[in-house]
Amino acid sequence: MKTRTLRLLTLLTFFTFFFYECKDKEADSLAPANTELSGELDKLELAPTTLQESPDVKLVPGKVETSVKSQNLNSSLSTVTAGNIPANVSQAAAEVSSSLTDAEIKALNQVTPAQATKTVINSDQVRSILNKAAADAKLQGYLSLFTAAKVAGLLEGGRTGGVTAGTSSNNPAVEAGNTDDCIARANEKFEKTKERLDDSKAKELDKINDAYNKDLERIQRNLEQCTGENSAAHFEALRQVGIKIANEALAALEKSKPFLKPGQYEQLKALINVQLLDYLAKVNQLEAAKTGTCAEIAAIAKARAEETKNSNTARVEANYNDALAKAVELRDKMIQNCHNQGSGK
């Protein structure tokens, strides 16, 4: 009985020693994966990338607007009565009288809104009167305000530098199929980190592609809007706005005619007509201006969107390569630790 017990104790002692030795060797082989280096690999992330937005390159249409002084005058005309001639009405008549000759006033008053064609506007007589009014300090305030069309979003954006490639390791211990347990564990940790970095990179690139597709949709909308705002119908609608304003002012002037002083009716009618002719001339100028076709502007916008996409992609690639280079560096240090401890053997 004692012999059997002794044999059992001896056997237990042997197995205890055997498992202890195996555990120690396994712990040694896994040591690099539990070091500060391994912790750094676990925490390694793709640095956040601040993505640039592509400029909104589009045509900002020009416009022609009646001046505030002209609007106030037209409004005052509707309030003229026998006992009330607003000061700005009397002032406007006096300013026309002192700025234009009787012949010029008569010539203006022979034009009706319906007759204000391009031929009339471009006639030598009308051009001469419009140039004179534009240069006269007293009449300038009654003329229309002109804003030229322009292409927005053409300022040069920033450019990214070249992408820095990640540092790769030439350590033969990282070759595929290496069966050294310590080195295999280091490579396994590296591969998991790389998978995480690859996933983060893919998500960033997806954001860039989504932004680019939205840019293309915006460019298409801008193209359609630009085409509409440069059509003959668009400029004709602008002309009709000016003609409507002139007709309303002339209607108010007709009602006030019995209450006006001699000469004021003709002077004010000439002023309304010079306002109209000036307005229509500026609409013609707006239509004739060539800031680039809508298709050309859309092509520029698309090129800028491509530049932004490429720039953002380069930023992500640079951050990815930096992170990957750091992961390679940490893995190689872990492998060096494996060699320092005899590769776990």
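Start with the enclosed spaces: a search of this whole predicted structure finds 2 cavities of 30 Å³ or more.

**Stop 1: the largest cavity**

Select T66, G242, I245, Q275 and L276. Of the 15 residues that line the largest cavity, these are the closest to its centre. The volume here is about 100 Å³. Now colour helices α3, α10 and α11, since each of these elements gives two or more residues to the lining. What is the chemical make-up of the lining of the largest cavity? Its residues divide into 8 nonpolar, 7 polar and no charged.

**Stop 2: the second largest cavity**

Next, select V57, K58 and L59, then add I219, N222, L223 and C226, and finish with C294, I297, A298 and A301; these residues line the second largest cavity. The space inside comes to about 70 Å³. Which elements should you highlight around the second largest cavity? Strand β1 (58-60) and helices α9 (181-229) and α12 (294-340) each give two or more residues to its lining. This lining divides into 9 nonpolar residues, 1 polar and 1 charged.

**Stop 3: the largest nonpolar core**

Nonpolar side chains in soluble globular proteins tend to be buried together. For the largest nonpolar core in this model, select L268, L271 and L277: among its 44 residues, these three touch the most other members. Several helices supply at least two residues each, namely α3, α4 (87-99), α5 (102-109), α7 (124-135), α10 (232-256) and α11 (264-288). Helix α11 makes the largest contribution, with 13 residues.

Zoom in on L271 and show its surroundings. Beyond its neighbours within four places in sequence, L271 is in contact with L73, A92, V96, L139 and Y142.

Then move to a second core that lies apart from this one. It has 18 residues, and A323, L324, V328 and I335 are among them.

**Stop 4: S76 on helix α3**

Finally, go back to α3, which spans residues 68-77, and pick out S76. Is S76 buried or exposed? S76 counts as buried because its relative accessibility is 14%, and the cut-off for buried is under 20%. To see what surrounds S76, display P86, N88 and V89: these are its contacts once neighbours within four places in sequence are left aside.

Note on methods. Residues are numbered from 1 along each chain as its sequence is written. This is a predicted model: local features need pLDDT of at least 70, side-chain atom pairs count only at pLDDT 80 or more; totals for chains, interfaces and linings use all residues. Side-chain values use heavy atoms; hydrogens and water are left out. Helices (H or I, at least four residues) and strands (E, at least two) are DSSP runs, numbered from the N terminus. Buried means under 20% relative accessible area, exposed over 50%, partly exposed in between (1.4 Å probe, protein chains only). Contact means heavy atoms within 4.5 Å. A nonpolar core is a set of buried Ala, Val, Leu, Ile, Met, Phe, Trp, Tyr and Cys residues joined through side-chain atoms within 4.5 Å. On a 1 Å grid over the protein atoms alone, a cavity is a set of points where a 1.4 Å probe fits but cannot get out, and a pocket is an open set with protein on both sides within 12 Å along at least five of seven lines; lining residues have an atom within 4 Å of a point. Grid points are joined across faces, edges and corners, and a volume is the space filled by probe spheres set on the points. Ala, Val, Leu, Ile, Met, Phe, Trp, Tyr, Cys and Pro count as nonpolar, Asp, Glu, Lys and Arg as charged, and the others, Gly among them, as polar.
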